[in-house]
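Me: I'm new to reading protein structures, and I'd like a close look at one part. Could you walk me through how the inside is put together, starting from where the chains meet?

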Amino acid sequence: MKHWATSLWQKLFGDSVRAFGVVSIVFLFSIAIAPAKNHFSEWRHYQHGYLKMIRNRSDANTLQRHFDGGIQQIWLPEIGVVDRCTSCHVGMKEGTLRDVSSQPYRPHPVIPHKLDQFGCTMCHRGQGAATTVAEAHNSTLAWEQPILPAKYIESSCGECHRGSLPGTPVLNQGRKLLSRYGCVNCHLVRLPDGTTIKATDAPPSLSHIADKTPREWIYAWLKDPQAYAATSSMPNFQLSDADARDISAFLIANSTPLAGDTATLSAKPSSDPAAGASLYGESFCASCHAVTNAAGNVVGGDVGPELTRVGSKVKPEWLHAWLQNPRRYDPGTGMPHYRFNDREVATLSTFLLGKTDSDLLSNVHLDPATPEQIAHGKRLVSDYGCASCHEIAGIKKPENFAPELSRIGSKSITQLIFLPGMSHTLPDYIAGKIKQPRAFSPALRMPQYSFTTSQIDAVTTALLALNDRSTSLPPSLTVPAAAESNYQPAGKAGKLMADLACFSCHRINGRGGDMAPDLTWEGSSVQREWLVQFFKNPGTLRPALIRRMPRFNVSDSEANELADYILTVYQNPIIDRDFVPPGDDSQGEIELGRQLFYGKYSCQGCHIVETKTDKGYIGPTLTHVGSRLTAAWLYQWMKNPQALRPGTIEPNRAMSDEDARALTAFLVSQKGVAPKEVEKK
Amino acid sequence: MAKTADQYFDDLRETRVWRSIFRSGTGASTLKRALAIQQNVFLHLFSTKVRTRMLSFSATWYLGTLTLGTFFILVATGIPLMLYYHPSVPQAYYDTKDLQFVVSSGLFLRNLHRWSAHAMVFLVFAHMFKVFYRGAYRTPREFNWVIGVILLLITLLLSYTGYLLPWDQLAYWAITVGSNIASAVPLIGNKIHFLLLGGNSVNANALLRFYVLHCMILPLTAIFFVAIHFWRIRKDGGLYAQSSEPAVLRSRPVASEKEAQ
């Protein structure tokens with residue numbers, strides 16, 4: 001063996017000429033590896049694969065013409081994008097490759113932007129400059145962004161688009177949840193435009209809580225808010241029995257009575273056992289309040305709190321006063337002031353108090369509170385930051401109670417502490433933290449939310465959009481959100497609108513809810529008689545929708561006051577107020593309009609004029625439109641509906657003036673029968 | 001009779017073109033060979049004559065030559081690297097990335113430069129140890145030892161300045177730490193620190209400074225001292241071999257023995 005090795009050594013390195021030759025050859029080979037490695041690079045392999053794939057296709061010539069060999073890149077110096085992804089993802093722009101499902105040749109789905117407008121990494125993250133699969137998708141270096149999982153992709157839309165978009169339901173939901181569940185009460189989120197996200201969860205004041213609920217309910221609620229109401233936005237703080245006992249003791253001891261927030265009624269409730277349920281229905285309480293039915297489904301709106309077990313929560317005297325006028329207890333409540341008479345209040349409160357759950361409070365037995373317990377409760381209230389959300393007399397709202405989340409989407413992985421078995425990516429960390437905050441440390445004070453997986457993904461998406469890039473984008477690229485206005489209607493009508501909480505559902509001049517129609521131009525659109533009548537007895541305009549507008553039992557003078565204000569103030573300047581409506585005598589024009597309605601424009605596809613034959617359930621029923629809408633509005637609506645209501649699904653048919661006039665004449669003639677009955681009355 | 005390769009080479013050296021370029025003529029005489037070395041601008045730094053024994057591997061382990069070889073590789077790869085590199089904060093890191101991603105054989109170029117640099121530092125130390133343990137630093141070669149120490153310093157500085165240029169986290173923190181060590185110098189430490197970085201922390205000025213040092217000042221200084229280093233080998237009596245030392249020096253006892261006497 002040794003002999004064999006020596007002879008080989010002699011053969012290769014025996015003298016200087018041999019040694020030089022052998023070393024040279026070895027060196028030459030090792031140098032040749034470099035160009036060879038270059039030649040067998042991954043992107044070349046994928047481009048060959050692409051060419052092979054398109055060769056046998058019918059559109060081979062077109063695809064071949066579009067194909068450019070070599071490294072491709074999208075270079076956008078002003079936003080720092082150098083994306084070479086298209087070197088391998090060659091068929092990205094080829095719509096005809098829709099049938100190809102294998103990567104990297106699948107074409108990009110249709111999006112509102114051109115593919116080379118912003119490049120790839122702006123949305124997908126990853127390392128754009130890389131030309132190898134591993135480096136581009138899962139960069140090994142910690143300070144690079146790995147590719148963003150597809151379920152969070154909408155977060156990238158949110159970097160530029162600060163408002164909600166029709167194409168980003170997940171992002172919109174996540175942003176809404178951040179406000180709706182009060183995340184931003186504790187965590188400050190400063191947006192790139194300098195504003196902060198505002199909470200919309202409207203947590204109640206606890207300063208007068210003793211008037212409203214018994215201590216036992218507070219205890220049960222603190223232990224598990226979802227046990228009382230599945231839809232509760234209050235999270236579970238996982239308090240011990242003693243802690244819940246002490247906090248409830250403190251809240252009761254700290255509560256001060258409020259004049260007028262309780263009432264004893266002399267009136268007896270209606271003797272009809274079904275009267276309460278029907279009053280609940282007639283008042284459209286379910287438009288805002290939900291109830292969990294026997295099947296376990298939550299039915300109703302989510303503007304107000306769930307009422308499934310309200311009888312176990314509130315004291316009867318408080319409920320009476322609340323139903324008489326909720327603003328006495330909470331001036332800022334979104335609940336309208338119904339003008340109920342005492343008998344109705346008694347009937348409705350009896351119905352609501354019957355909604356109890358004997359299991360909820362059966363195991364709660366609290367001894368009278370001791371001063372030590374109350375003091376301990378006060379300390380806990382400060383420790384858990386209760387005053388971040390709730391107003392509590394004597395406790396100041398803490399500043400910066402929880403970490404600021406304004407740049408959470410760019411948090412470096414090196415700054416995170418992961419749980420064992422968790423994949424080391426930022427989205428997984430955020431999702432994990434929302435899912436089970438205390439799993440990261442039992443000492444954390446962040447409570448347990450009862451989010452579903454899709455809600456967690458939505459919140460994660462919204463948080464990932466809060467990153468360095470969104471703050472450093474050139475202003476020309478950002479699309480700001482519509483500014484939330486603090487519009488306040490003036491005068492007596494303004495007070496009335498506040499009392500009726502119109503803004504809980506309707507939007508006017510940029511303020512208000514989205515449950516009901518935007519009323520910003522309502523004065524231009526409707527006729528006064530119809531509006532007054534609608535206040536007295538509202539109905540739905542669309543056959544496909546259930547009615548949500550409650551009857552507030554307003555007086556004639558209140559209805560007239562409101563109608564006058566709306567007709568005067570909510571006028572759209574583009575409506576021609578001098579528009580001369582087609583007269584009743586213009587039968588020819590009406591007939592022409594009817595033909596256009598059923599012929600050229602096929603309006604019956606969405607609307608109903610003849611209740612017997614038309615089947616349009618999408619748009620409002622038009623049988624009474626002539627007594628509801630003004631002719632000037634109808635004419636303008638025909639010409640350009642989007643100008644009056646941006647985002648309406650009514651198509652813009654680019655009508656000529658003659659057609660619009662004829663259709664207006666036809667619609668104005670649709671006065672229905674109901675108004676005549678009203679006149680009789 | 002067929003000519004040998006040597007004869008073809010001799011013929012070549014007899015041509016008019018060759019003679020016009022190289023002043024020394026042909027001939028195997030010692031004088032001619034000595035002239036060929038002495039009259040060449042590059043080779044005249046070296047001794048005109050070297051003992052065959054000194055060219056054997058065991059004499060020097062070729063450590064000095066290998067160091068020079070790595071230095072040549074570093075110059076040869078460093079120049080193309082300069083073509084792909086901008087010493088600016090927004091660009092530097094992405095330029096080194098692009099060497100990997102889009103420059104043909106760019107990663108090979110960069111790695112060759114990097115590994116040769118590591119090898120050079122290692123070889124310089126090895127060379128120094130070999131010289132030290134063989135006693136080749138002694139009279140009359142003391143000054144060449146000093147030149148060698150200067151070259152060691154330049155090598156280390158080249159390595160240190162090159163470390164910042166990729167402008168990654170490793171570079172940033174290594175230079176931050178290194179420059180803080182410099183500020184530990186008594187009295188003028190902070191001044192040195194400021195001078196080195198062009199500021200109080202590692203930033204764009206430091207990058208530019210290190211680039212100029214790495215690509216111009218230090219290599220030119222190194223070449224200058226390498227030339228002196230080689231020239232001194234000749235002047236100090238050629239490559240050191242113990243047997244070649246004068247008998248006086250060879251028999252001279254080392255200091256400790258002298259004291260013991």
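**From the interface to the core**

Reply: Happy to! Nine residues of chain A are in contact with nine residues of chain B. On the chain A side of this meeting place, six of the residues are nonpolar, two are polar and one is charged. Keep in mind that this is a predicted model.

Now let's step inside. The largest nonpolar core holds 30 residues. Those with the most contacts inside this core are A:F597, A:L634, A:M638, A:L663, A:F666 and A:L667. Where do its residues come from? In chain A, α26 (528–536), α27 (556–569), α28 (587–598), α30 (631–639) and α32 (657–668) each supply at least two of them. Helix α32(A) gives the largest share, seven residues. Two domains of chain A, domain 5 (491–569) and domain 6 (587–680), each contribute at least three residues to this core.

To see one member up close, pick out A:F666. Setting aside its neighbours within four places in sequence, A:F666 is in contact with A:I590, A:G593, A:R594 and A:F597. Apart from this core lies another one, of 26 residues, including A:C157, A:L405, A:A431 and A:A465.

For a look at chain B, try helix α5 (residues 63–83), which has 21 residues. Helix α5(B) reaches 31 Å from its first C-alpha to its last, close to the 30 Å expected at 1.5 Å a residue. Its buried residues are B:G64, B:T67, B:T70, B:F71, B:L74 and B:L81. The buried residues of α5(B) pack against two other helices of chain B, α4 (57–60) and α7 (106–134).

How values were computed
Residues are numbered from 1 along each chain as its sequence is written. Chains are lettered from A and ligands numbered from 1 in the order in which they are written. This is a predicted model: local features need pLDDT of at least 70, side-chain atom pairs count only at pLDDT 80 or more; totals for chains, interfaces and linings use all residues. A nonpolar core is a set of buried Ala, Val, Leu, Ile, Met, Phe, Trp, Tyr and Cys residues joined through C-beta atoms within 7 Å. A residue is buried if 20 or more other C-beta atoms lie within 10 Å of its own, exposed if 12 or fewer, and partly exposed in between; C-beta atoms are placed from the backbone. Helices (H or I, at least four residues) and strands (E, at least two) are DSSP runs, numbered from the N terminus. Domain bounds come from an automatic or database domain assignment. Two residues are in contact if their C-beta atoms, placed from the backbone, lie within 7 Å. The expected span of a helix is 1.5 Å times one less than its number of residues. Ala, Val, Leu, Ile, Met, Phe, Trp, Tyr, Cys and Pro count as nonpolar, Asp, Glu, Lys and Arg as charged, and the others, Gly among them, as polar.
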